[in-house]
Each structure stands twice: as structure tokens, then as C-alpha cells.
Amino acid sequence: MAKQRTAQNGLPAGVAAAWGLRERPGRGPARGLDVARIVRAAIAVADAEGLGTVSMSRVATEVGVSTMALYRYVEGKNDLLILMEDEAAGTPPPGPAPEEGWRAGLEHWARAYRDVLSRHLWMVRIPISTPPLSPHSVEWMELALGCLRATGLDAEEKLGVLITLNGYVRSSVSLLADIAESAGGEGGADWEELEPRYWRLLTQLTATGDFPAIKEMLASGEVETAFEEEESEGSADFAFGLALVLDGTQALIERRA
């Protein structure tokens, strides 16, 4: 990744722009052009065609200016990606009331974050180069840590829970992104087609080998439906993994108590 430019206050230029700490350009090359319009155009390209198609020249074409003119508003692609990610994340939706407990709060956080990433799959393709610094990412961080305030965990443990939960959500959506990219290519298929094909192939490949655990799992007949989509709240596999993460957090809280 190219080295990020930094603003005078030491922040990456994109982060400074997101917080409104960077001086806005003067009279621009096109009427009505501003950073917000550029970011919206870039997000539209990424949503429709993937992150790989986003470039300064492509976005400049979308907003009707030259590439050099775009640099008056955004210093480079790295800064554009920061702004795109922050805009797409948005402000997190309010969670349940504190009296409902930390678990309800973190479950709400995880599902809400997953919804955002699922709408913008390209977000999981942006390498994580810093801890949360942009405005909306800090808001998401605040919401999650707020759920853990009364748990008795220390600061390091709270951060550990947040990092683990965030990693789980991103990993689950990365799988969706991989499947979506595969489906978009030649000979690709969606998950409804891929899953039964996988179980059939696995059954054939392990039929004569020494794979007792796999054979027992396949013989149960349960795996064919284990990953089917359930109600609108999310998929069964995501709910199962989320419960594991939260169960581990609960065990940690109980030990500290």
C-alpha cells in the first residue's frame, strides 16, 4: 500500500478530511462538486463493480471532471478509501436499553455491523492499516465498548472482546464476498448451488478413506441444512458463531466476577 499522506496534526489526510480538520479547497473546477459527491460516486462504483474498479480516474469520470481536478478535493486513493469506508459505515443504529444487558447490546452491534458490510462487500477488501480513527468507526467503537462498561472487565479485556467480535463479523462477510466474486465469474454459482455440490463431492472423496469424523457428520444428514438462510435477522451459521463468541465473553465476565 502506498504511504499515506499526513495532515499537519499527524493524522492521515483522509482521516483529517473525514473529521473536517482539513482545509477545504477553494473554488472548484465544477459547479456543485465537493468531497461528499466524490465519495458517493466512488461508493456507487464499488457497490456495482467491486473495489478493484475504483480509481481516481474512474471516479473523476463519474463526477465529470479531470483526474487532476479530483486531487483538489481528495489527496489520493488511500484517502478516498478512508472516506468511502467511513461514509458507508455511517452512524451505528441505537442499541437496546442498557438494562437489557451487555449481551443483547453486543449481539445488536454485531448484526448491525454485518448488515453494513453485507450491503457494501467491498469494505472487507480494504486492508486494516490503523485502529478506528474516522468519525463513524469511532462511533461504532464507542457503541461496542459502551455495552461492556458494567461487566467488570478491564480496558485490555474490553478491547480484546471488541477485536474478537469485529474479526468474527468481518470474517463471516469475507466469505460472502468470496462467494459473490466467484458467482460473478465465468462458471460461477451462488451459494445455494455451491453448498449441495460441496457435500456431494466431499461424500465421494471420503467414501473410501480414513475419515471417521467427516463420515459421521455426513451420515447425520444435518449438514445439508445447517447453513441455509434463516429468518431476516441473519444466517444460521452466523448466529451459531456469534453465540460462541458471546458465550466466551460471558465466561470471561463470570471469571472476573
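Helices (H or I, at least four residues) and strands (E, at least two) are DSSP runs, numbered from the N terminus. This is a predicted model, in which local features need pLDDT of at least 70 and side-chain atom pairs count only at pLDDT 80 or more, while totals for chains, interfaces and linings use all residues. Residues are numbered from 1 along each chain as its sequence is written, and side-chain values use heavy atoms, with hydrogens and water left out.

**Exercise 1. Find the place of L21, and state which surface patch includes L21.**

Step 1. Start with the helices: the protein chain has twelve of them and zero strands.

Step 2. Look between α1 (13–18) and α2; the loop there holds L21.

Step 3. Check the accessibility. Buried means under 20% relative accessible area, exposed over 50%, and partly exposed in between (1.4 Å probe, protein chains only). L21 has a relative accessible area of 52%, so L21 is exposed.

Step 4. Now the partners: W19, L21 and V138 make a nonpolar surface patch of about 280 Å². Patches are made of residues with over 30% relative accessible area and no salt bridge; like charges are joined within 9 Å, and nonpolar side chains (Val, Leu, Ile, Met, Phe, Trp, Tyr) within 5 Å.

**Exercise 2. Describe the salt bridges that R111, R125 and R256 make.**

Step 1. Set the criterion: a salt bridge is a side-chain nitrogen of Lys or Arg within 4 Å of a carboxyl oxygen of Asp or Glu. A search of the whole structure finds six.

Step 2. Take R111, whose side chain meets that of E107 at 3.4 Å, N to O. Both sit in helix α6 (residues 102–119), and because they are four residues apart, about one helical turn separates them. R111 counts as buried at 14% relative accessibility, whereas E107 is partly exposed at 29%.

Step 3. Move to R125, which pairs with D178 at 2.6 Å, N to O. R125 lies in the loop between α6 and α7 (135–147) and D178 in helix α8 (residues 155–184), so this pair ties together parts that are 53 residues apart in sequence. R125, with a relative accessible area of 29%, is partly exposed, and D178, at 41%, is partly exposed too.

Step 4. Finish with R256, joined to E157 at 2.4 Å, N to O. Here the pair links distant parts of the chain, with E157 in helix α8, R256 in helix α12 (residues 236–256), and their positions 99 residues apart. E157 is buried at 14%, while R256 is partly exposed at 45%.

**Exercise 3. Which residues touch the most other members of the largest nonpolar core, and which helices supply this core?**

Step 1. Define the core: a set of buried Ala, Val, Leu, Ile, Met, Phe, Trp, Tyr and Cys residues joined through side-chain atoms within 4.5 Å.

Step 2. Pick out the best-connected members. Of the 56 residues in the largest core, these are L80, M84, L106 and W122.

Step 3. List the helices. At least two core residues come from each of α2 (35–49), α3 (56–63), α4 (67–70), α5 (77–89), α6, α7, α8 and α12.

Step 4. Zoom in on L80. Leaving out residues up to four places away in sequence, L80 touches I38, V39, A42, V54, M56, V59 and V74, where contact means heavy atoms within 4.5 Å.

Step 5. Step back to the whole chain: 37% of its 257 residues count as buried.

Methods:
Areas by Shrake-Rupley, 256 points an atom, 1.4 Å probe, with all protein chains shown as cover.
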